[in-house]
Amino acid sequence: MPVYWSILLITIVFGLLCYITPRKKMSVEGYEVHRVNKVFVFIIVAYIIFFIGFRDKVLDTGTYIASFKALPDNLKDLLLYLKVVDSGMGFSFIAGLFKIFISQKYYSWLFFLASVSCICVFRTLYKYSVDFPLTAYLFVTTCTFTWLLNGSRQFLVVSILFGFIDWLIEGKKFRYIVLILALTTIHSSAIFMVVIVLFISSEEIFGEKMIFFMILTIVGTYYSEHVFEFLRTASDSLDYSATLEMSGGSSVLNLLVSAIPIVIVLLNFENVKKIAPRSIKLAINMSLVGSCFYFASTFTNGILIGRMPIYFTIYNLFLLPWVIRNCFTRESKKIVWVSCVVCYLTYFYYQMCIAWGGLMYVSDILNLRYY
(Lines give C-alpha, C1' and ligand atoms only; values in the text may rest on other atoms or scores of the structure.)
Protein backbone atom coordinates (compact mmCIF):
# COMPACT_ATOMS: atom_id res chain seq x y z
CA MET A 1 0.00 0.00 0.00
CA PRO A 2 2.74 2.62 0.66
CA VAL A 3 3.55 2.64 -3.07
CA TYR A 4 -0.05 3.42 -4.00
CA TRP A 5 -0.40 6.09 -1.33
CA SER A 6 2.79 7.68 -2.68
CA ILE A 7 1.29 7.73 -6.18
CA LEU A 8 -1.75 9.51 -4.77
CA LEU A 9 0.45 11.96 -2.85
CA ILE A 10 2.55 12.84 -5.92
CA THR A 11 -0.61 13.33 -7.95
CA ILE A 12 -2.04 15.68 -5.33
CA VAL A 13 1.17 17.69 -4.84
CA PHE A 14 1.83 18.31 -8.53
CA GLY A 15 -1.88 18.76 -9.16
CA LEU A 16 -1.86 21.64 -6.67
CA LEU A 17 1.22 23.09 -8.37
CA CYS A 18 -0.75 23.02 -11.63
CA TYR A 19 -3.31 25.35 -10.03
CA ILE A 20 -0.84 27.93 -8.76
CA THR A 21 1.46 28.19 -11.78
CA PRO A 22 0.74 29.98 -15.07
CA ARG A 23 -1.36 28.05 -17.56
CA LYS A 24 -1.32 28.14 -21.35
CA LYS A 25 -4.32 29.27 -23.38
CA MET A 26 -5.40 26.92 -26.16
CA SER A 27 -8.35 26.48 -28.49
CA VAL A 28 -10.04 23.07 -28.33
CA GLU A 29 -13.23 22.37 -30.30
CA GLY A 30 -13.72 26.10 -30.79
CA TYR A 31 -13.50 26.90 -27.07
CA GLU A 32 -10.70 28.76 -25.32
CA VAL A 33 -9.26 26.59 -22.56
CA HIS A 34 -6.34 26.73 -20.16
CA ARG A 35 -3.81 23.91 -20.10
CA VAL A 36 -1.49 23.19 -17.20
CA ASN A 37 2.30 22.95 -17.38
CA LYS A 38 3.27 19.77 -19.21
CA VAL A 39 6.25 19.29 -16.90
CA PHE A 40 3.90 18.54 -14.01
CA VAL A 41 1.91 16.16 -16.19
CA PHE A 42 5.12 14.38 -17.15
CA ILE A 43 6.20 13.99 -13.51
CA ILE A 44 2.85 12.48 -12.48
CA VAL A 45 2.83 10.05 -15.40
CA ALA A 46 6.52 9.16 -15.05
CA TYR A 47 6.10 8.40 -11.34
CA ILE A 48 3.24 6.00 -12.06
CA ILE A 49 5.13 4.29 -14.90
CA PHE A 50 8.23 3.91 -12.71
CA PHE A 51 6.51 1.70 -10.15
CA ILE A 52 4.38 -0.10 -12.71
CA GLY A 53 7.47 -1.01 -14.74
CA PHE A 54 9.58 -2.23 -11.83
CA ARG A 55 7.01 -4.58 -10.31
CA ASP A 56 7.65 -8.31 -9.87
CA LYS A 57 4.67 -9.65 -8.01
CA VAL A 58 1.36 -7.82 -8.14
CA LEU A 59 -1.87 -9.59 -9.05
CA ASP A 60 -1.44 -11.20 -12.49
CA THR A 61 2.04 -9.71 -13.08
CA GLY A 62 3.59 -13.16 -12.67
CA THR A 63 1.59 -14.42 -15.65
CA TYR A 64 2.86 -11.60 -17.88
CA ILE A 65 6.45 -12.14 -16.77
CA ALA A 66 6.25 -15.91 -17.31
CA SER A 67 4.71 -15.52 -20.77
CA PHE A 68 7.40 -13.00 -21.77
CA LYS A 69 10.17 -15.30 -20.58
CA ALA A 70 8.64 -18.17 -22.55
CA LEU A 71 8.82 -16.26 -25.83
CA PRO A 72 11.53 -17.35 -28.32
CA ASP A 73 14.51 -15.06 -28.80
CA ASN A 74 14.67 -15.38 -32.59
CA LEU A 75 12.21 -14.57 -35.35
CA LYS A 76 11.97 -18.07 -36.85
CA ASP A 77 10.99 -19.70 -33.56
CA LEU A 78 8.62 -16.84 -32.80
CA LEU A 79 6.61 -17.52 -35.95
CA LEU A 80 6.35 -21.18 -34.96
CA TYR A 81 5.38 -20.20 -31.43
CA LEU A 82 2.54 -18.00 -32.69
CA LYS A 83 0.92 -20.97 -34.44
CA VAL A 84 0.07 -22.53 -31.08
CA VAL A 85 -1.06 -19.35 -29.32
CA ASP A 86 -4.72 -19.67 -28.32
CA SER A 87 -5.57 -16.00 -27.89
CA GLY A 88 -3.96 -12.59 -28.10
CA MET A 89 -1.74 -13.49 -31.03
CA GLY A 90 -1.09 -9.83 -31.79
CA PHE A 91 0.01 -9.24 -28.22
CA SER A 92 2.38 -12.22 -28.30
CA PHE A 93 3.77 -11.08 -31.66
CA ILE A 94 4.52 -7.56 -30.36
CA ALA A 95 6.04 -8.99 -27.19
CA GLY A 96 8.16 -11.37 -29.27
CA LEU A 97 9.46 -8.60 -31.50
CA PHE A 98 10.21 -6.51 -28.43
CA LYS A 99 12.20 -9.36 -26.89
CA ILE A 100 14.14 -10.07 -30.09
CA PHE A 101 14.96 -6.55 -31.21
CA ILE A 102 14.76 -4.33 -28.10
CA SER A 103 15.30 -6.10 -24.77
CA GLN A 104 15.04 -9.53 -23.21
CA LYS A 105 14.48 -8.07 -19.74
CA TYR A 106 10.88 -8.31 -18.62
CA TYR A 107 11.19 -5.01 -16.73
CA SER A 108 11.68 -3.29 -20.08
CA TRP A 109 8.58 -5.00 -21.44
CA LEU A 110 6.48 -3.95 -18.43
CA PHE A 111 7.80 -0.40 -18.81
CA PHE A 112 6.83 -0.44 -22.48
CA LEU A 113 3.26 -1.59 -21.77
CA ALA A 114 2.81 0.98 -19.01
CA SER A 115 4.30 3.77 -21.13
CA VAL A 116 2.10 3.13 -24.17
CA SER A 117 -1.03 2.89 -22.01
CA CYS A 118 -0.27 6.01 -19.98
CA ILE A 119 0.76 8.10 -22.98
CA CYS A 120 -2.45 7.26 -24.83
CA VAL A 121 -4.65 7.89 -21.79
CA PHE A 122 -3.02 11.11 -20.60
CA ARG A 123 -2.74 12.54 -24.10
CA THR A 124 -6.53 12.49 -24.36
CA LEU A 125 -7.09 13.60 -20.76
CA TYR A 126 -4.71 16.53 -21.19
CA LYS A 127 -6.48 17.64 -24.35
CA TYR A 128 -10.10 17.36 -23.23
CA SER A 129 -10.13 17.84 -19.46
CA VAL A 130 -11.07 21.33 -18.27
CA ASP A 131 -9.51 20.52 -14.89
CA PHE A 132 -6.52 18.26 -15.43
CA PRO A 133 -5.39 18.11 -11.76
CA LEU A 134 -8.82 16.80 -10.78
CA THR A 135 -8.77 14.39 -13.70
CA ALA A 136 -5.37 12.99 -12.66
CA TYR A 137 -6.66 12.71 -9.09
CA LEU A 138 -9.66 10.72 -10.34
CA PHE A 139 -7.37 8.45 -12.36
CA VAL A 140 -5.77 7.38 -9.08
CA THR A 141 -8.67 7.52 -6.62
CA THR A 142 -11.07 5.60 -8.89
CA CYS A 143 -8.33 2.94 -9.01
CA THR A 144 -8.22 3.16 -12.80
CA PHE A 145 -4.42 3.01 -12.52
CA THR A 146 -4.65 -0.52 -11.09
CA TRP A 147 -5.49 -1.76 -14.57
CA LEU A 148 -1.82 -1.15 -15.32
CA LEU A 149 -1.11 -3.78 -12.67
CA ASN A 150 -3.85 -6.25 -13.46
CA GLY A 151 -5.35 -6.89 -16.87
CA SER A 152 -2.59 -4.96 -18.62
CA ARG A 153 -3.36 -6.54 -21.98
CA GLN A 154 -6.98 -5.44 -21.95
CA PHE A 155 -6.09 -1.99 -20.63
CA LEU A 156 -3.55 -1.58 -23.43
CA VAL A 157 -6.45 -1.94 -25.87
CA VAL A 158 -8.65 0.38 -23.80
CA SER A 159 -5.88 2.99 -23.71
CA ILE A 160 -5.16 2.92 -27.44
CA LEU A 161 -8.85 3.25 -28.28
CA PHE A 162 -9.13 6.11 -25.78
CA GLY A 163 -6.07 7.73 -27.30
CA PHE A 164 -7.77 7.87 -30.71
CA ILE A 165 -11.18 9.22 -29.70
CA ASP A 166 -10.52 12.18 -32.00
CA TRP A 167 -11.70 9.88 -34.80
CA LEU A 168 -15.03 9.31 -33.04
CA ILE A 169 -15.41 12.99 -32.27
CA GLU A 170 -14.77 13.84 -35.92
CA GLY A 171 -17.19 11.13 -37.10
CA LYS A 172 -14.51 8.90 -38.66
CA LYS A 173 -16.16 5.70 -37.47
CA PHE A 174 -14.90 3.43 -40.25
CA ARG A 175 -11.29 4.28 -39.42
CA TYR A 176 -12.01 3.67 -35.74
CA ILE A 177 -13.62 0.29 -36.44
CA VAL A 178 -10.54 -0.76 -38.42
CA LEU A 179 -8.45 0.12 -35.36
CA ILE A 180 -10.78 -1.93 -33.16
CA LEU A 181 -10.49 -4.97 -35.41
CA ALA A 182 -6.70 -4.69 -35.33
CA LEU A 183 -6.74 -4.49 -31.53
CA THR A 184 -8.86 -7.64 -31.21
CA THR A 185 -5.63 -9.52 -31.95
CA ILE A 186 -4.35 -8.15 -28.63
CA HIS A 187 -7.52 -8.71 -26.58
CA SER A 188 -10.67 -10.11 -28.13
CA SER A 189 -13.03 -8.19 -25.83
CA ALA A 190 -12.42 -5.21 -28.14
CA ILE A 191 -14.73 -6.79 -30.72
CA PHE A 192 -17.77 -5.64 -28.73
CA MET A 193 -16.67 -2.05 -29.30
CA VAL A 194 -17.62 -2.40 -32.96
CA VAL A 195 -21.27 -2.68 -31.95
CA ILE A 196 -20.94 0.20 -29.49
CA VAL A 197 -19.41 2.49 -32.10
CA LEU A 198 -22.42 1.91 -34.35
CA PHE A 199 -24.72 3.10 -31.55
CA ILE A 200 -22.64 5.89 -30.08
CA SER A 201 -22.81 9.53 -31.14
CA SER A 202 -20.75 12.66 -30.56
CA GLU A 203 -23.46 14.89 -32.02
CA GLU A 204 -26.38 14.31 -29.66
CA ILE A 205 -26.89 13.16 -26.08
CA PHE A 206 -29.10 10.17 -25.33
CA GLY A 207 -30.34 9.80 -28.90
CA GLU A 208 -32.71 7.12 -30.14
CA LYS A 209 -29.88 4.63 -30.67
CA MET A 210 -28.71 5.12 -27.09
CA ILE A 211 -32.24 4.54 -25.75
CA PHE A 212 -32.41 1.39 -27.85
CA PHE A 213 -29.08 0.27 -26.38
CA MET A 214 -30.43 0.76 -22.85
CA ILE A 215 -33.43 -1.39 -23.69
CA LEU A 216 -31.09 -4.06 -25.03
CA THR A 217 -29.14 -3.91 -21.77
CA ILE A 218 -32.27 -4.52 -19.70
CA VAL A 219 -33.37 -7.36 -21.95
CA GLY A 220 -29.85 -8.79 -21.96
CA THR A 221 -29.78 -8.68 -18.17
CA TYR A 222 -33.06 -10.61 -18.02
CA TYR A 223 -31.64 -13.29 -20.32
CA SER A 224 -28.19 -13.01 -18.77
CA GLU A 225 -27.42 -16.73 -18.61
CA HIS A 226 -27.64 -17.10 -22.37
CA VAL A 227 -25.82 -13.82 -23.07
CA PHE A 228 -22.95 -14.58 -20.72
CA GLU A 229 -22.53 -18.06 -22.11
CA PHE A 230 -22.00 -16.50 -25.53
CA LEU A 231 -19.57 -13.94 -24.13
CA ARG A 232 -17.55 -16.59 -22.32
CA THR A 233 -17.22 -18.48 -25.58
CA ALA A 234 -16.27 -15.41 -27.60
CA SER A 235 -13.81 -13.72 -25.27
CA ASP A 236 -10.53 -14.36 -23.50
CA SER A 237 -10.35 -15.95 -20.07
CA LEU A 238 -6.88 -14.57 -19.29
CA ASP A 239 -6.60 -11.50 -17.08
CA TYR A 240 -9.62 -12.24 -14.91
CA SER A 241 -7.82 -12.47 -11.62
CA ALA A 242 -9.31 -13.19 -8.23
CA THR A 243 -8.85 -9.61 -7.09
CA LEU A 244 -11.26 -8.13 -9.58
CA GLU A 245 -13.57 -11.09 -9.98
CA MET A 246 -16.73 -11.15 -7.93
CA SER A 247 -18.99 -14.17 -7.85
CA GLY A 248 -22.04 -11.93 -8.06
CA GLY A 249 -20.69 -9.63 -10.75
CA SER A 250 -19.75 -6.04 -9.88
CA SER A 251 -20.64 -4.29 -6.64
CA VAL A 252 -23.46 -1.77 -6.35
CA LEU A 253 -20.84 0.81 -5.31
CA ASN A 254 -19.15 0.57 -8.72
CA LEU A 255 -22.50 1.17 -10.38
CA LEU A 256 -23.23 4.21 -8.22
CA VAL A 257 -19.78 5.73 -8.75
CA SER A 258 -19.93 5.25 -12.52
CA ALA A 259 -23.41 6.80 -12.71
CA ILE A 260 -22.55 10.07 -10.90
CA PRO A 261 -21.77 12.11 -14.07
CA ILE A 262 -24.91 10.78 -15.78
CA VAL A 263 -27.10 11.79 -12.85
CA ILE A 264 -25.66 15.32 -12.87
CA VAL A 265 -26.19 15.57 -16.63
CA LEU A 266 -29.82 14.46 -16.32
CA LEU A 267 -30.45 17.13 -13.69
CA ASN A 268 -29.07 19.77 -16.08
CA PHE A 269 -30.04 18.15 -19.35
CA GLU A 270 -31.31 21.16 -21.33
CA ASN A 271 -28.32 23.30 -20.40
CA VAL A 272 -25.84 20.52 -21.16
CA LYS A 273 -27.39 19.94 -24.59
CA LYS A 274 -26.79 23.57 -25.49
CA ILE A 275 -23.22 24.04 -24.30
CA ALA A 276 -21.55 20.61 -24.43
CA PRO A 277 -18.85 20.25 -27.11
CA ARG A 278 -18.67 17.05 -29.15
CA SER A 279 -16.06 15.47 -26.86
CA ILE A 280 -18.38 15.85 -23.86
CA LYS A 281 -21.39 14.54 -25.76
CA LEU A 282 -19.35 11.49 -26.71
CA ALA A 283 -18.17 11.11 -23.10
CA ILE A 284 -21.73 11.33 -21.76
CA ASN A 285 -22.93 8.63 -24.13
CA MET A 286 -19.93 6.43 -23.35
CA SER A 287 -20.52 6.93 -19.62
CA LEU A 288 -24.12 5.83 -20.07
CA VAL A 289 -22.94 2.67 -21.82
CA GLY A 290 -20.52 1.97 -18.97
CA SER A 291 -23.32 2.38 -16.43
CA CYS A 292 -25.46 -0.03 -18.45
CA PHE A 293 -22.71 -2.63 -18.34
CA TYR A 294 -22.29 -2.11 -14.60
CA PHE A 295 -26.05 -2.46 -14.18
CA ALA A 296 -25.97 -5.78 -16.02
CA SER A 297 -22.97 -6.97 -14.03
CA THR A 298 -24.35 -5.86 -10.66
CA PHE A 299 -27.61 -7.74 -10.95
CA THR A 300 -26.22 -10.88 -12.61
CA ASN A 301 -23.21 -13.18 -12.34
CA GLY A 302 -21.53 -11.31 -15.18
CA ILE A 303 -17.85 -11.37 -14.29
CA LEU A 304 -16.90 -10.72 -17.90
CA ILE A 305 -19.46 -7.93 -18.19
CA GLY A 306 -17.92 -6.45 -15.06
CA ARG A 307 -14.64 -6.16 -16.97
CA MET A 308 -16.19 -4.32 -19.92
CA PRO A 309 -17.11 -0.93 -18.33
CA ILE A 310 -13.48 0.24 -18.31
CA TYR A 311 -13.84 0.83 -22.07
CA PHE A 312 -16.44 3.51 -21.24
CA THR A 313 -16.00 4.70 -17.64
CA ILE A 314 -12.54 5.98 -18.51
CA TYR A 315 -14.40 8.86 -20.22
CA ASN A 316 -15.66 9.91 -16.78
CA LEU A 317 -12.14 11.08 -15.98
CA PHE A 318 -12.63 14.19 -18.12
CA LEU A 319 -16.44 14.22 -18.09
CA LEU A 320 -16.88 14.69 -14.33
CA PRO A 321 -14.64 17.80 -14.10
CA TRP A 322 -16.61 19.30 -17.00
CA VAL A 323 -20.03 18.75 -15.43
CA ILE A 324 -18.78 20.12 -12.09
CA ARG A 325 -17.59 23.29 -13.83
CA ASN A 326 -20.64 23.75 -16.06
CA CYS A 327 -23.63 22.36 -14.17
CA PHE A 328 -23.42 24.29 -10.89
CA THR A 329 -23.51 27.89 -9.75
CA ARG A 330 -20.29 29.68 -8.85
CA GLU A 331 -20.76 29.12 -5.12
CA SER A 332 -22.04 25.54 -5.24
CA LYS A 333 -19.32 24.60 -7.71
CA LYS A 334 -16.66 24.95 -5.01
CA ILE A 335 -18.66 22.86 -2.56
CA VAL A 336 -19.21 20.12 -5.15
CA TRP A 337 -15.51 20.15 -6.09
CA VAL A 338 -14.41 19.71 -2.48
CA SER A 339 -17.08 17.05 -1.91
CA CYS A 340 -15.83 15.22 -5.01
CA VAL A 341 -12.25 15.22 -3.71
CA VAL A 342 -13.28 13.94 -0.28
CA CYS A 343 -15.70 11.29 -1.57
CA TYR A 344 -13.25 9.85 -4.09
CA LEU A 345 -10.51 9.76 -1.47
CA THR A 346 -12.90 7.74 0.70
CA TYR A 347 -13.65 5.48 -2.25
CA PHE A 348 -9.93 4.96 -2.83
CA TYR A 349 -9.40 3.96 0.80
CA TYR A 350 -12.40 1.63 0.76
CA GLN A 351 -11.45 -0.06 -2.50
CA MET A 352 -7.76 -0.48 -1.74
CA CYS A 353 -7.83 -1.20 2.00
CA ILE A 354 -11.20 -2.83 2.63
CA ALA A 355 -12.55 -4.34 -0.59
CA TRP A 356 -9.14 -5.58 -1.74
CA GLY A 357 -7.66 -5.97 1.73
CA GLY A 358 -4.58 -3.88 0.98
CA LEU A 359 -3.09 -4.30 -2.47
CA MET A 360 0.33 -5.92 -2.38
CA TYR A 361 3.40 -4.64 -4.22
CA VAL A 362 6.69 -6.49 -4.70
CA SER A 363 9.72 -5.24 -6.61
CA ASP A 364 12.97 -7.15 -6.36
CA ILE A 365 15.02 -4.52 -8.13
CA LEU A 366 13.71 -1.74 -5.84
CA ASN A 367 13.87 -4.04 -2.81
CA LEU A 368 10.24 -3.28 -1.94
CA ARG A 369 7.97 -5.95 -0.50
CA TYR A 370 4.56 -4.87 0.71
CA TYR A 371 2.05 -7.66 1.32
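In this predicted model, L8 is placed in helix 1, which covers residues 2-20. The residue is buried, with a relative accessible area of 3%, and its C-alpha atom lies 6.3 Å from that of V140, although L8 and V140 are 132 residues apart in sequence.

Cysteine residues were examined for disulfides, and the count came to zero. For C143, the closest cysteine sulfur is that of C353, at 9.4 Å, which is too far for a bond. C143 counts as buried at 4% relative accessibility, and C18 likewise counts as buried, with a value of 0%.

Aromatic side chains form 32 pairs in the model. One of these joins F164 and W167, whose ring centres are 4.9 Å apart and whose planes meet at 50°, an arrangement classed as tilted. F164 counts as partly exposed because its relative accessibility is 33%. A stacked pair is formed by F293 and F312, with 5.4 Å from centre to centre and 5° between the planes. Since F293 belongs to helix 16 and F312 to helix 18 (residues 310-313), this pair ties together parts that are 19 residues apart in sequence. F293 is buried, with a relative accessible area of 14%, and F312 also counts as buried, at 0% relative accessibility. Ring pairs further link a cluster made up of Y4, Y47, F50, F51, F54, Y106, Y107, F111, F145 and Y361.

Charged side chains are also found over aromatic rings. The charged end of K99 sits over the ring of F68, at 5.6 Å from the centre of that ring. In a second case, R153 lies over the face of F91, and the distance to the ring centre is 5.9 Å.

Empty space within the model was considered next. Rolling a probe the size of a water molecule over the atoms shows where such space is left. The structure holds four cavities of 30 Å³ or more, and the second largest cavity has a volume of about 50 Å³. The lining of the second largest cavity consists of R55, L110, L113, A114, S117, L148 and S152. Helix 6 gives the most to this lining, with four residues. When the residues that line the second largest cavity are sorted by class, four are nonpolar, two are polar and one is charged.

Among the pockets, the second largest contains about 330 Å³ of space. Its lining comprises 18 residues, and those closest to the centre of the pocket are Y31, E32, V33, V130 and W322. At least two lining residues are supplied by each of strand 2 (31-35), helix 6 (106-128), helix 16 (278-298) and helix 19 (316-326). Strand 2 provides the largest share of the lining, with five residues. By class, the lining of the second largest pocket includes nine nonpolar residues, together with three polar and six charged ones. Helix 6 thus appears in the lining of the second largest pocket and also in that of the second largest cavity, while helix 16 contributes to the pocket lining and carries F293 of the stacked pair.

Backbone geometry was examined last. Most residues other than glycine have a negative phi. F206, which is not a glycine, has a positive phi of about 55°. F206 lies in the loop between helix 11 (192-199) and helix 12 (208-222), and this residue is buried, with a relative accessible area of 16%. A positive phi is also found in N367, likewise a residue other than glycine, where the value is near 60°. N367 is located in the loop between strand 3 (361-363) and strand 4 (368-370), and at 57% relative accessibility N367 counts as exposed. The two residues with positive phi are thus set in contrasting surroundings, because F206 is buried whereas N367 is exposed.

Conventions
Residues numbered from 1 in each chain as written. Predicted model: local features only at pLDDT ≥ 70, side-chain atom pairs only at ≥ 80, totals over all residues. Heavy atoms only, no water. 1 Å grid on protein atoms, 1.4 Å probe; cavity = no way out; pocket = protein on both sides within 12 Å on 5 of 7 lines; lining within 4 Å. Points joined across faces, edges and corners; volume = space filled by probe spheres on them. Nonpolar A, V, L, I, M, F, W, Y, C, P; charged D, E, K, R; others polar. Phe/Tyr/Trp six-rings, centres within 6.5 Å; stacked < 30°, edge-to-face > 60°. Buried < 20%, exposed > 50% of the residue type's maximum accessible area, 1.4 Å probe, protein only. Lys NZ or Arg CZ within 6 Å of the ring centre and 35° of its normal. Disulfide = S-S within 2.5 Å.
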